[in-house]
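I opened this structure to see how its strands and helices fit together. Here are my notes, in the order I looked things up.

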Amino acid sequence: MTMIFRDRTQAGQMLARKLSAYANRQDVIVVALPRGGVPVAFEVAKALNVPLDVCIVRKLGVPHHKELAMGAIAAGGVRVLNYDVVSWLGISSKTIDEVAAKELRELQRRDRVYRGERPPLDVRNRTVILIDDGIATGSTMRAAIAILRQQQPQSIVVAVPVAPLETYRELQAEVDGVVCLLTPEPMNAIGLWYENFSQTTDEEVRELLSKQLAASIS
């Protein structure tokens, strides 16, 4: 029987067991992709007893087909395009720029909401465990990897509950390690691998980040 996760909390707990070698290490930081990656990452950070932060990335959805990613953006002007999708649909540079401008506004809003006045954690010379609730095309994850690379971490480990087998193999060549619990073929939508895949709210993200921050300080 194919494994289905009950929810993001259970997926995070299962992922944490695969990452136990990183527990209680001062050079390790868990970084989540909001919003759905945060409940998963919270369980990992709690189990490993390491800090938790977010890397805010926005998918660039194809107009009229927003679930289909033509790329993604992250802070600092990072833009990653899915050239197969862009070429296949004949998407113009103007269209890409318009979608990117809209998503940049949402990215900046989320940064204010999630962090407030708190600066991002310093990842320089640290091992970053980069977490989402799953990978579909990989555009969002690659944008996050690109912005983290600019901050000169010692290493980047991608950890997700579910990802397509092909993307899993591609990422193995792009980062220092990949941990994935499921690599189904065909993958289809991430939500199909969860019993409960309800949308994570801004309030939940803020609450989980604050809770882990308090735990790491105490």
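**Entry 1: getting the word "pair" straight.** I started with a definition: two strands pair if DSSP finds at least two bridges between them. I also noted that this is a predicted model. With that settled, I looked at one spot where two strands face each other: Ile-73 stands opposite Arg-79 in β5. The strands β4 and β5 pair in the antiparallel sense, and I found four bridges between them. They form a hairpin with three residues between the strands, and in that hairpin Gly-76 has a positive phi near 80 degrees.

**Entry 2: the three-stranded sheet.** Next I asked myself in what order the strands of the open sheet of three come. The order is β3-β4-β5, and the pairing is antiparallel. β3 and β5 (78–81) are at the edges with a single partner strand each, so one side of each has no neighbour in the sheet. I looked up the angle too: on average, neighbouring strands here are turned by 40 degrees against each other, ignoring direction.

Then I went along β3 and β4. They run antiparallel and are joined by six bridges. One pair I wrote down is Gly-61 with its bridge partner in β4, Ala-69.

Two helices pack on this sheet. α4 touches β3, β4 and β5, and its direction makes about 150 degrees with that of β3. α5 also touches β3, β4 and β5, but its direction makes about 5 degrees with that of β4.

I went back to β5 to check its two faces. Val-78 and Val-80 make up the covered face, while Arg-79 and Leu-81 are on the uncovered one.

**Entry 3: the largest pocket.** I looked up the volume of the largest pocket, and it is about 1,200 Å³. It is lined by 39 residues, and the closest to its centre are Arg-58, Lys-59, Lys-66, Glu-67 and Thr-140. Which elements give two or more residues to the lining? They are β3 (57–62), β4 (65–74), α4 (93–115) and α5 (139–150). I sorted the lining by type as well: 14 residues are nonpolar, 13 are polar and twelve are charged.

**Entry 4: the five-stranded sheet.** There is also an open sheet of five strands, in the order β2-β1-β6-β7-β8, with parallel pairing. β2 and β8 (177–182) are the edge strands, pairing on one side only. From one strand to the next, the twist averages 25 degrees.

I took β1 (residues 28–32) next. Is it mostly covered or uncovered? Mostly covered: five of its five residues are buried. On one side I found Val-28, Val-30 and Ala-32, on the other Ile-29 and Val-31, and both faces are covered.

Then I checked the partners of β1:

- With β6 (residues 127–131), β1 pairs in the parallel sense over five bridges. Ile-29 has Val-128 as its bridge partner in β6.
- With β2 (residues 52–54), β1 also pairs in the parallel sense, over three bridges. Here Ala-32 has Val-54 as its bridge partner.

Moving along the sheet, β6 and β7 pair in the parallel sense over five bridges. In that pairing, Leu-130 is matched with Val-158 in β7. Helix α1 (residues 8–18) lies across β6, β7 and β8, running at about 135 degrees to β8.

**Entry 5: two single residues.** I picked Ser-155, which lies in β7 (residues 155–162). Why does Ser-155 count as buried? Its relative accessible area is 13%, and buried means under 20%. Leaving aside neighbours within four places in sequence, Ser-155 is in contact with Arg-126, Thr-127, Val-128 and Asp-176. I recognised Val-128 from my β1 notes, as the bridge partner of Ile-29.

My other pick was Asp-202, in helix α7 (residues 202–217). Asp-202 counts as buried as well, at 15% relative accessibility. With neighbours within four places left out again, the contacts of Asp-202 are Arg-35, Arg-109, Val-113 and Tyr-114. I also looked at Arg-110: it is 92 residues from Asp-202 along the chain, and their C-alpha atoms are separated by 7.9 Å.

Note on methods: Residues numbered from 1 in each chain as written. Predicted model: local features only at pLDDT ≥ 70, side-chain atom pairs only at ≥ 80, totals over all residues. Heavy atoms only, no water. 1 Å grid on protein atoms, 1.4 Å probe; cavity = no way out; pocket = protein on both sides within 12 Å on 5 of 7 lines; lining within 4 Å. Points joined across faces, edges and corners; volume = space filled by probe spheres on them. Nonpolar A, V, L, I, M, F, W, Y, C, P; charged D, E, K, R; others polar. Axes fitted to C-alpha atoms, helices over the stretch in contact; angles between N-to-C directions. Contact = heavy atoms within 4.5 Å. Buried < 20%, exposed > 50% of the residue type's maximum accessible area, 1.4 Å probe, protein only.
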